[in-house]
Amino acid sequence: MWDFGFFQAPYSHQQIWEYIRDYDSNPLRCGQLRLIIDVDGAPAGSVDLYDVDPANRRAMVGVMVAGRFRRKGCALAALELMADYAAGPLALYQLAATVAEDNAASVALFSKAGYELTATLPRWVRRGADFVAAHILQRQLPV
């Protein structure tokens with residue numbers, strides 16, 4: 001998964017415990033929300049809101065699904081549930097995602113979830129010694 005995410009290092013055990021201890025469940029206050037995707041009682045991945053901006057009623061969204069759960073519709077369902085939550089209780093106006101252009105499965109997923117390609121950042125994501133562009137995909141939520 002390292003090639004498709006934007007993190008440089010794994011979380012340490014200590015960081016995870018600190019996150020749990022200090023967790024603030026209000027994404028409008030803390031700026032983020034991570035939810036676990038559950039498939040028949042098994043953790044299948046996560047869907048995140050981050051850079052939540054209540055003043056401009058927008059947030060970034062990301063989704064990761066473990067290999068054995070891919071291509072079963074759980075990522076699309078998670079994005080739809082997150083969009084419903086963002087539009088409803090959070091009263092957000094739009095969501096956006098940053099996806100590397102070589103991640104065709106993720107670009108297709110977000111397109112299927114109603115996101116539109118609105119910008120491209122050339123040479124934005126490092127792939128070894130090379131760089132690939134990142135696409136910004138946006139979805140306007142119902143008002």
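1. Aspartate 40 counts as exposed in this predicted model, at 81% relative accessibility,. Aspartate 40 sits in the loop that runs between strand 1 (32–39) and strand 2. The backbone deserves a look here: phi of aspartate 40 is near 50 degrees, a positive value in a residue other than glycine.

2. Alanine 91 also has a positive phi, about 55 degrees, although it is not a glycine. Alanine 91 belongs to the loop between helix 3 (74–87) and strand 4 (94–100). With a relative accessible area of 36%, alanine 91 is partly exposed, whereas aspartate 40 is exposed.

3. Is aspartate 48, in strand 2 (residues 42–53), buried or exposed? Its relative accessible area is 14%, so aspartate 48 falls under the 20% limit and is buried. The side chain of aspartate 48 has a polar partner: a contact of 2.7 Å joins it to the side chain of arginine 34.

4. The surroundings of aspartate 48 can be listed, leaving out residues up to four places away in sequence. Aspartate 48 touches Leu33, Arg34 and Leu35. Aspartate 48 also touches Met60, Val61, Gly62 and Met82. Of these, Met82 is one of the buried residues of helix 3.

5. Which residues of helix 3 are buried? They are Cys74, Ala75, Ala78, Leu79, Met82, Ala83 and Ala86. An α-helix has 3.6 residues a turn, so residues three or four places apart point the same way. The buried positions include Cys74, Ala78 and Met82, as well as Ala75, Leu79, Ala83 and Ala86.

6. The buried residues of helix 3 pack against strand 1, strand 2, strand 3 (58–65) and strand 4. Their other packing partners are helix 4 (104–112) and strand 6 (130–140).

7. The length of helix 3 agrees with expectation, because its 14 residues should span 20 Å at 1.5 Å a residue and its end C-alpha atoms are 20 Å apart.

8. A nonpolar patch lies on the surface, formed by Ile16, Trp17, Tyr19, Ile20 and Tyr23. Together these residues have about 510 Å² of accessible area. One of them, tyrosine 19, lies in helix 1 (residues 13–21). Tyrosine 19 counts as partly exposed, at 36% relative accessibility.

Definitions and conventions:
Residues numbered from 1 in each chain as written. Predicted model: local features only at pLDDT ≥ 70, side-chain atom pairs only at ≥ 80, totals over all residues. Heavy atoms only, no water. Buried < 20%, exposed > 50% of the residue type's maximum accessible area, 1.4 Å probe, protein only. Polar contact = N/O pair within 3.5 Å; in protein donor to acceptor, adjacent residues only side chain to side chain. Contact = heavy atoms within 4.5 Å. Patch = residues over 30% accessible without salt bridge, like charges linked within 9 Å, V, L, I, M, F, W, Y side chains within 5 Å. Areas by Shrake-Rupley, 256 points an atom, 1.4 Å probe, with all protein chains shown as cover. Salt bridge = Lys/Arg side-chain N within 4 Å of Asp/Glu carboxyl O. Helix = DSSP H or I, 4+ residues; strand = E, 2+ residues; numbered from the N terminus. Expected span 1.5 Å × (residues − 1).
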